[in-house]
Amino acid sequence: MNIVDQMQEPIPKYVLEEVARGLDHRDDYGWIPWAWAVLSGAGDVPVQVDEEIAEYPGHLVTIVGLGHLFDLFQDILSGGAADLEPDVELVGEIRPQITTIEIARYCERQGIYDRQDPETGSGLFREAVVARSAELRHRLLEILGGGRLFTSLHLAGQRVLDAERADVGTSDSLILTEDLVDAHLNVTVNEDFSVDKQRTFAWLEGDLDLG
């Protein structure tokens with residue numbers, strides 16, 4: 001069953017494209033709506049993102065947090081240095097951006113502060129995304145388990161199975177389904193388990209601190 005098929009465009013395409021501009025792995029952002037659908041199925045987020053509601057700033061932080069989680073996974077898996085701070089600039093006056101006041105209120109509610117002095121909207125946004133990304137990693141582990149979460153991220157990053165691909169904006173992203181993840185679970189987790197894979201799995205399950 002395709003989780004994303006249960007809804008009509010859970011995250012507006014132009015929001016995804018705006019988020020993807022700041023991602024290291026911007027061509028593979030199809031994992032983000034898949035993960036959003038997983039969270040939605042668990043009741044953590046709404047089915048669809050609505051820019052007009054008061055909760056939108058938190059939803060945008062969640063979307064970017066998922067993208068940052070995806071970036072970190074791919075960086076570690078490739079053996080490279082992981083960029084611990086996202087380079088996504090979405091503080092502004094026009095949607096899909098959120099205003100400095102909106103991110104400040106969100107961070108105040110969450111107890112998040114900018115480590116730079118003086119605080120800036122951009123700095124608060126980065127701190128919020130980093131904190132939310134860590135929360136999302138723990139929550140998706142609870143929902144999916146380590147093996148399925150690892151497999152979903154690995155498949156999306158590898159962009160395999162031409163028949164399962166679909167155009168999303170300018171990207172060629174893999175359409176993930178529950179059946180696809182389960183079909184590749186054993187091979188992905190148990191075969192060709194390189195040092196980089198082991199390190200990535202350890203980080204994903206919270207056993208490796210990137211500093």
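Good morning. I begin with four residues, E85, R115, R126 and E127, which are linked in a network of salt bridges. Please bear in mind that the model before you is a predicted one.

Let us look at one member of this network, E127, which is found in helix 5. Is E127 buried or exposed? E127 counts as buried, because its relative accessibility is 14% and the limit for that class is under 20%. Its side chain is joined to that of R115 by a polar contact of 2.6 Å. Leaving aside residues up to four places away in sequence, E127 touches I112, Y113, D114 and R115.

I turn now to salt bridges in general. Side chains of opposite charge can pair when their charged atoms come close. How many salt bridges does the structure hold? There are 10, and I shall describe three pairs.

The first pair I have chosen is R21 and E18, whose closest N and O atoms are 2.5 Å apart. R21 is exposed, with a relative accessible area of 54%, whereas E18, at 24%, counts as partly exposed.

Next come E142 and R139, which meet in a salt bridge of 2.9 Å, N to O. Both residues lie in helix 5, 3 residues apart, or about one turn of the helix. E142 counts as exposed at 59% relative accessibility, and R139 as partly exposed at 27%.

My last pair is R148 and D182, with a salt bridge of 3.0 Å from N to O. R148 belongs to helix 6 and D182 to helix 7, residues 178–190, so this pair ties together parts that are 34 residues apart in sequence. D182 is partly exposed, at 36% relative accessibility.

Between helix 5 (121–144) and helix 6 (146–158) is a loop, and G145 lies there. At 23% relative accessibility, G145 counts as partly exposed. The C-alpha atoms of G145 and E205 are 9.1 Å from each other, while the two residues are 60 residues apart along the chain.

Finally, I come to the second largest pocket. Rolling a probe the size of a water molecule over the atoms shows where empty space is left. This pocket holds about 330 Å³ of space. Its lining consists of 15 residues, and L72, L84, V130, W203 and L210 lie nearest its centre. Which helix gives the largest share of the lining? Helix 5 does, with 4 residues; helix 3 (56–77) also supplies at least two. By type, the lining divides into 8 nonpolar, 3 polar and 4 charged residues.

Thank you for your attention.

Conventions. Residues are numbered from 1 along each chain as its sequence is written. This is a predicted model: local features need pLDDT of at least 70, side-chain atom pairs count only at pLDDT 80 or more; totals for chains, interfaces and linings use all residues. Side-chain values use heavy atoms; hydrogens and water are left out. Buried means under 20% relative accessible area, exposed over 50%, partly exposed in between (1.4 Å probe, protein chains only). On a 1 Å grid over the protein atoms alone, a cavity is a set of points where a 1.4 Å probe fits but cannot get out, and a pocket is an open set with protein on both sides within 12 Å along at least five of seven lines; lining residues have an atom within 4 Å of a point. Grid points are joined across faces, edges and corners, and a volume is the space filled by probe spheres set on the points. Ala, Val, Leu, Ile, Met, Phe, Trp, Tyr, Cys and Pro count as nonpolar, Asp, Glu, Lys and Arg as charged, and the others, Gly among them, as polar. A polar contact is a pair of N or O atoms within 3.5 Å; within protein, one must be able to donate a hydrogen and the other to accept it, and residues adjacent in sequence count only if both atoms are side-chain atoms. Contact means heavy atoms within 4.5 Å. A salt bridge is a side-chain nitrogen of Lys or Arg within 4 Å of a carboxyl oxygen of Asp or Glu.
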